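Grab a pencil and try these exercises on a protein model. Have a go at each task before you read its solution.

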Amino acid sequence: MSAFANTTPFVSNPISTKAELAQYLVGLLDPLAAHTSPGGARVHLGFTGTHYDEAAAQLEGFSRPIWGLASLLAGGGSYPDVERWVRGFANGTNPDHEEFWGHMRNKDQRMVECSAIGFALSVAKEHLWDPLPAEGKRNLENWLGGMNDKEMPNTNWLWFRVFANLGLSKVGSPRFDAKRMKADLDHLDTFYIGEGWSRDGPEGVVQLDYYSSSFAIQYAQLVYSKLAQKDDPERCEEFRNRARHFALDFVHYFDEEGRAITFGRSLTYRAAMSSFWGALAFADVDPPAPLTWGAIKGLQLRNLRYWARQPGAYHSDGTFTIGFCYPNHNMTENYNSPGSPYWFCKSFIPLALPDSHPFWTAPEEPYPAALRNTVKALRKPLHIATNLSGHTYVLSSGQQCSYPVKQSAAKYGKFAYSSAFGYSVPVGSLTLEELGADSALALSDDAGETWKVRRETRDARIEHGRWLRSMWYPWPDVAVETWLVPPTPAVPLWHLRVHRVRTARKLLSAEGGWAIYGQGPDDRALEPSTGEAYGTLENGTEARATSKAGVSGIAELRDRPTRKGKALRTDANTNLIVPRAVLPTLADEHEAGEKDIWLVTAVFGLPNANGRDGAAPGWEAEWKKRPLIPEEIAALIS
């Protein structure tokens, strides 16, 4: 790609110091002025819709940047246009003003935005509350307090009311409801399942995504533990202990370059995926070994640097796009407004720390050496994490969204999720190219007219601490049992998938490996190639693709010649990270009534590293190796 189109307004900022992080934030806040209403209460960034009303969408554009602004002000920084938000508080909460946000209703999107406002009142009162006139203060506290008697979803949303009340308590408001806040906190504690992890909902919910960590629960627990220490010390210490346990699992979701594994919903929040690390510092939680303050600093800042250098994350004026690494509405949810991506600003919480805090005084350290080239079973989220040979990903079985979410099969049901290659989502429903079935087994019972991939996983568990095993029932008369086996030091670039299919109907199958950037050095589609040259290879029961992003491949391990390797060019904008991708795929046909159909799939992946184009030379020797089927699984096959 020509360099003129491959840059951002922030690319020259090294983001290594507190001042440089503040500079990055200011660069995100400044462009919002041109999109702000005359009364300051609404920020209009685009014309796409959401399931909630336009006033709430424009409130998002106003409120979400406050996560960063309040942190900047709390840490001794300044922003020359802070008056814009003060004016917005006064007018947005004034029922007689034309920019009034509207009264709170049951399960109202406005509730979500109360969390940033409550945080701001808690940490930056003198900048954002004290300048308000008496009427403005009364209107703001009445508006925030208006959620205390409303119904809320039985999810992480309850934290938003906690933060609203926390903010009201910090400004001495009579609308603070201590009884309601305690009840909400007590109920949120029922989501806790041990080892630092909380599910995003009541018992029966198997959803432990970034809302369990940076987006909501862990972040909120840590911030609360700092701000409520005097009034609720026992609970605060419990939250801090949870974070210490959680950190030792969560670190496995990040790679050496700062990228986070793409998994679950709301990924348009981008750098908010890493905000747990800044919140850990805000709460003054001593990092558990082998983590250090330098390592925590690196985990947070490397992720921010990654996003500062993604041109597709920004419009030309420096405002955020809706999408991930480029504008992409295929992967979004029905609650993503043009202002939603500013949840990103939660990652600026280190700005609230004093200059003397060890987060800022410690030299930044790389990803901990003790955690490289490891495989770890994460029992609570039903993931097996690995970063052998520099590829960071999780094998996954068992999680699913507890309510309808767009593309939920892609976001929770795939077999594996990577920090480097990113998952793909469907853009249509008629062809494999539209399906985006990376890290998935797609089945069709109508000769390829429509396809199903795993969404609802049953009986998922980690067996012997070594692999994942689960069931999937795409139709009443079709059962698919799957084993997911992580890589080993002997074959570090391969993981193994074994499927036992029992079917009473004729099926087509297509199993995808990692979706990878699909263009050559000339920016044209990859052509067939051999050896380590960029291009695609289709060779009997194997297929692969090689480009500047690295290598992705797939191979059938048993003698099943009907299973053909294809280098599938997926439809544009299926993948989160690259808009043009190739997906190595194995395709087959299956007759009804076969007792057991065994599909034994090896998946190869090696991303580029440290900005270098292409995989490290010599990878073909690893490609020629093949993983062994564990004896226990092999015995079932035979």
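Three exercises follow, each with a worked solution.

This is a predicted model, where local features need pLDDT of at least 70 and side-chain atom pairs count only at pLDDT 80 or more, while totals for chains, interfaces and linings use all residues. Residues are numbered from 1 along each chain as its sequence is written, and side-chain values use heavy atoms, with hydrogens and water left out.

**Exercise 1.** Work out how helix H3 (residues 66–74) and helix H5 (residues 110–123) pack.

*Solution.* Helices here are DSSP runs of H or I with at least four residues, strands are runs of E with at least two, and both are numbered from the N terminus.
- Step 1: the angle is about 5 degrees and the axes lie 9 Å apart. Axes are lines fitted to C-alpha atoms, for helices over the stretch in contact, and angles run from 0 to 180 degrees between N-to-C directions.
- Step 2: H3 and H5 are therefore roughly parallel (angles under 35 degrees).
- Step 3: with contact meaning heavy atoms within 4.5 Å, Ile-66 and Trp-67 are among the H3 residues that meet H5, whose side includes Phe-119 and Val-123.

**Exercise 2.** Find out why helix H10 (residues 217–227) is largely enclosed.

*Solution.*
- Step 1: buried means under 20% relative accessible area (1.4 Å probe, protein chains only).
- Step 2: 10 of the 11 residues of H10 are buried, so the rest of the structure largely encloses this helix. Tyr-219 and Leu-227 are among them.

**Exercise 3.** Put the strands of the open sheet in order.

*Solution.*
- Step 1: two strands pair if DSSP finds at least two bridges between them.
- Step 2: the order is S3-S4-S5-S6, with antiparallel pairing.
- Step 3: S3 (375–378) and S6 (416–418) each have a single partner strand, so one side of each lacks a neighbour in the sheet.

Note on methods. Buried means under 20% relative accessible area, exposed over 50%, partly exposed in between (1.4 Å probe, protein chains only). Angles under 35 degrees count as roughly parallel, over 145 as roughly antiparallel, 65 to 115 as roughly perpendicular and the rest as oblique.
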